[in-house]
Each structure stands twice: as C-alpha cells, then as structure tokens.
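Subject: Structure for you to look at

Hello,

I am passing on the structure we talked about, with the sequence. Please open it alongside this message.

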Amino acid sequence: MRVIDHHIVGHQGGAGGRVSEVFDPNTGRVQAQVTLGTQADLDRAVAAAEAAQPAWAATNPQRRARVMFAFKALVEANMDELAHLLSSEHGKVIADSKGDIQRGLEVVEFACGIPHVLKGEFTQGAGPGIDVYSMRQPIGIGAGITPFNFPAMIPLWMGAVATACGNAFILKPSERDPSVPVRLAELMREAGMPEGIFQVVNGDKEMVDAILDHPAIGAVSFVGSSDIAHYVYRRGVAAGKRVQAMGGAKNHGIVMPDADLDQVVADLSGAAFGSAGERCMALPVVVPIGDKTADALREKLIPAIEKLRVGVSTDAEAHYGPVINAAHKQRVEQWIQTGVDEGAELVVDGRGFTLQGHEDGFFVGPSLFDRVTPQMKAYQEEIFGPVLQIVRAPDFETALRLPSDHQYGNGVAIFTRNGHAAREFAARVNVGMVGINVPIPVPVAYHTFGGWKRSAYGDTNQHGMEGVKFWTKVKTVTQRWPDGSADLPRGSEDGGPSRVQDAFVIPTMG
C-alpha cells in the first residue's frame, strides 16, 4: 500500500510508528497510509529550519521572489496531476480541485511582489539631524496547521507569504488528504527553495500540540473548526507565539424583494452545494425578506436542486462529489435529522443517496430546509455539508440582525438592486467579509481574508498585507549622525555644512 511520508530534510522514512488511513471518498476504500509524526520528527524539521533560515532571510527579496515565480510555473505545469491527486483524496470534482490550486496560486502571485511590500517607512528630519525608518524582518520559523477541505489553497495562503518574507515554514496538513501538500513542498524545492525552508510534517493532535509548544517556532497559522481554533490560539499564545486561528462559519445570504431570483438561485446552487458544502465560505443559510419573496425563491430552488448532479470526482458533468469520509457523511445526515426533530420543514432530503457502482462512496445528496428559526441548533451550528436552510425574515432589520447576532461572523452576502440597501447592509452587518450580489465573498489575494467573532482568533488576517504583517516583525531605527566630530572643523571651512554641537533632543520635543 502507498505510504505518504513527511517532507523533512534528511528524512529517509522507515517502518514502524503510527499511521492513519487515507480513503478514496468515491469508493469508500483505503488507498494509502500516512505516517503520523513524532516530537523527534518535528525536532528534525525545526533543526533543518534553524540551519537554513538565516541565509534565506539574508537573501535579497528579489531573489526570493524569483523562487516564487519558478514555483508558480511548476504548479501550473503540473496542474492536472495535482488536481487529480487532490480529488482522489478529498472527493471534490476536478474543476473544484483546480480552483483550489488556482486560488492558492493567486497568493503565490502576490508573494512574487514581496520586494515592494517589504519596503519600510522613512521620515527625514524627524528631529534636528534625525531620521527615522522602519524595516520588516522575518519572525524566523513559522508553522501552518491546515484543514482537509482546501489541501492546496490554504497551505499556499500561509506558506507562500511566510517564506517570501524570509521565514522557514513547517506545514502540518490534514492527515485525511496529505498528498498534495507534500507534492507542493517537492515542487517548491524544485523551484529553488533551499532545503529546510518549506517542510511538511504529517500528524494528528499529537503533532499539533508539539508545534504549539515548540520554543523555536515563533508563529502559528491555523484554519479549522472554531473549537479547535480557540484551543490552538490559547495554547499557542500561552507559549509566547504569534497566532492567527481561523474557525468555522455559518454564512447568510440576504435576499431583498427586488433581487433577481433566477440569478440568486444560480448563485445558491454553487455557493451552498459546491464542493459538497465543505468550505467555510459556503452559503448554507438564505434569508428571503417577506413571505412573498420566500415562497417565490423556494419554488425556484426545488427544481434547481433536483437538477444538481452528484457524481464521482472525475465526472466532468458532476456539480459536486462525495464528502471526505464516512464519519463526516454520518455527521451531516445527523444534522439533517436534528433539523427535522427541531421542527424545520425538510423540503428536499439528501440522506441515503447512493451512486450506482459506488455504493460505498461517501455521497450525500443536496438537502433543503424551509422555516428554520434562529432557536434551532441546526441553524446555530456549522453543518459543513450540502444542506441549504431557508430562514424567513419579515423585514430588512430582522435580516440584518440574523448574521450580526450569530456566533460565527465569517462571510455574508446580500442580493439586491437597491444600492442604498446594499451600502447600509455592508456598513452595519457584524461580519468580516461581505458580498453584494456575490455569494462567496472571498477577497482577492492582495486584499485580506478573515472573519469576526468565533470565526477568527487573533488580530491579523490571512494573505495580503495582513499576511505580511503576521509573518514579519517591525523594527524601527532612529538615527543621528552627530555634529562636531573631533576630526572635522567646527565651521564650514572644509566646504561642508556647518556643524553645531547640540545636545540630543527627543524628536517629539522639537
């Protein structure tokens, strides 16, 4: 059986030790085993990072950017291989896998401009003969702990910016689909990245705790569920690290009475059910304003959902594939039952879905609930599956309060033709990312990604300039070249500026 090992400098692999099974979600069968790392494996990775990082940090940013350019070209050249590998372990259809990779590459493209974004600030004449300037320097060794649902995008969000800034980076990907992260590390090395700068250590909670506790790791970036994000944040900060921890979500789509419902339905079909709903920026809650809007939307949604094609990840006509594993399939179907038990109306039931020839695959059909209320547990918690819930709102203010009062605050969307309503909504809603007629408001790579409330812990977001700030430390230099050197004349007889021996004055004191 295929064994997926770490990507650590000098690591030879070997028998023994703990392993975890990697499934093919399309068939339900085990296709590989991944080695689960130990404290000793992490120590070796850290030692290699410590040895390589000073020289990498001393490499000028332009040369570091050239590695990013070469890496981008290699990923593009290997796109088909990476997408099929990703789909075989995650289950998302090939088009979604390519989107996963491409979205990560957009952050790599941003990292190609690292010479510009690392430029510091400068003030001439902050005081008498005094100049002040700042520089951004790498934190040293950083680590990323990433989830199963985006095994290419999220590692690249973290690793591209971290390494471009001059850090060494250690990635702990999900043990459920680890092959693509390891392959990306191989391509990074092929692109010219020095050994020890981008390494992968596979593992489970034992490895997560080892990373959070390791004294040589200065910063940790995490994406996963909110409970684990809170745990990672608290433990990492207690160990003196800089931590950003992104959690779960329950994103809402507000539908105003003037919205184009045909467009809304088309958007919801992809946003709610694409990638089997396994993404933190999915749109699992739709909030039509007024019963007339709700009834019309429901009438259009039902046939659209019935037309969705669920298939294996290699089916080019499939809208989405299986969920990640049997346990997650059971969890999603249990949430559907919870919604029924709580009194929501199950309009379309996706439970018990099977695909001919792939009866053991982890497939869940699309489900639609109506008349869901904020008091229901199925509304309050993240389902992370192909389930769309209709929560009816009588007016704009009620619709605004729903996402604002929810425990999660990752993303929200409003569908309307009314510019005033959209502007008012965007300004007032208590959520980190807002879409106006955009169902999945993931910002472009040179902006920044991050939610509010239980969707994010820490003060700095992912990628963009926020990412650069997270992976660097600011050093500010106040410099003065004193006048009146004993080796130089006091006046201007030498043809240079006159030198006056004044006592030093703090710049802010004039």
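Below is what was found in it, taken part by part.

Please keep in mind that this is a predicted model.

The domain

The UniProt record, an unreviewed entry, lists residues 20-477 as "domain: Aldehyde dehydrogenase". Over that range the chain is 42% helix and 20% strand. The C-alpha atoms at the two ends of the range are 50 Å apart.

Two helices with a buried side

Helix α11 covers residues 291-306, which makes 16 residues. From first C-alpha to last it reaches 23 Å, close to the 22 Å expected at 1.5 Å a residue. Its buried residues are Thr293, Ala294, Leu297, Arg298, Leu301, Ala304 and Ile305. Looking down the axis of α11, these fall within an arc of 135°, so they line one face of the helix. The spacing fits a general rule: an α-helix has 3.6 residues a turn, so residues three or four places apart point the same way. On the other side of α11, the exposed residues are Lys292, Glu299 and Glu306. The buried residues of α11 pack against two kinds of element: the helix α10 (261-273) and the strands β11 (252-255), β12 (285-288), β13 (345-348), β14 (367-370) and β15 (387-390).

Helix α15 (residues 419-428) can be read in a similar way. Its buried residues are Ala421, Ala422 and Phe425. They cover an arc of only 100° around the axis, which puts them on the same side of α15. Gly419, His420, Arg423 and Ala427 are exposed on the other side. Among the elements that cover the buried residues of α15 are β11, α14 (396-405), β17 (411-415) and β18 (433-436). Strand β11 therefore turns up twice, since the buried residues of α11 pack against β11 and β11 is also part of what covers those of α15.

Aromatic rings

A search of the whole structure gives ten aromatic pairs. One of them is formed by Phe169 and Trp471 and is edge-to-face, with 5.9 Å centre to centre and 85° between the planes. This pair links distant parts of the chain, 302 residues apart. Phe169 is in strand β7 (residues 168-172), while Trp471 is in the loop between α16 (464-470) and β21 (472-480). Both Phe169 and Trp471 are buried. They belong to one aromatic cluster together with Phe198 and Phe470.

A ring also features in a contact with a charge: the charged end of Lys92 sits over the ring of Phe150, 4.1 Å from its centre.

Two single residues

Is Trp452 buried, partly exposed or exposed? Its relative accessibility is 42%, so Trp452 counts as partly exposed. Trp452 is found in strand β19 (residues 452-453). Leaving out residues up to four places away in sequence, Trp452 touches Tyr408, Gly409, Val429, Asn430, Val431 and Gly432. Of these, Gly409 is 43 residues from Trp452 in sequence, and the two are 4.7 Å apart in space, C-alpha to C-alpha.

Ser179 lies in helix α7 (residues 179-190). With a relative accessible area of 7%, Ser179 is buried. Leaving out residues up to four places away in sequence, Ser179 touches Arg2, Ile4, Leu85 and Glu89. Ser179 and Pro151 are 28 residues apart in sequence, and their C-alpha atoms are 8.6 Å apart in space.

Regards

Technical notes: Residues are numbered from 1 along each chain as its sequence is written. This is a predicted model: local features need pLDDT of at least 70, side-chain atom pairs count only at pLDDT 80 or more; totals for chains, interfaces and linings use all residues. Side-chain values use heavy atoms; hydrogens and water are left out. Helices (H or I, at least four residues) and strands (E, at least two) are DSSP runs, numbered from the N terminus. The expected span of a helix is 1.5 Å times one less than its number of residues. Buried means under 20% relative accessible area, exposed over 50%, partly exposed in between (1.4 Å probe, protein chains only). The arc is that of the directions from the helix axis to the C-beta atoms. Contact means heavy atoms within 4.5 Å. UniProt positions are given in the numbering used here, feature names are shortened, and annotations may be inferred rather than shown by experiment. Rings of Phe, Tyr and Trp (its six-membered ring) pair if their centres lie within 6.5 Å; planes under 30 degrees apart count as stacked, over 60 as edge-to-face and the rest as tilted. A charge sits over a ring if NZ of Lys or CZ of Arg is within 6 Å of the ring centre and within 35 degrees of the ring normal.
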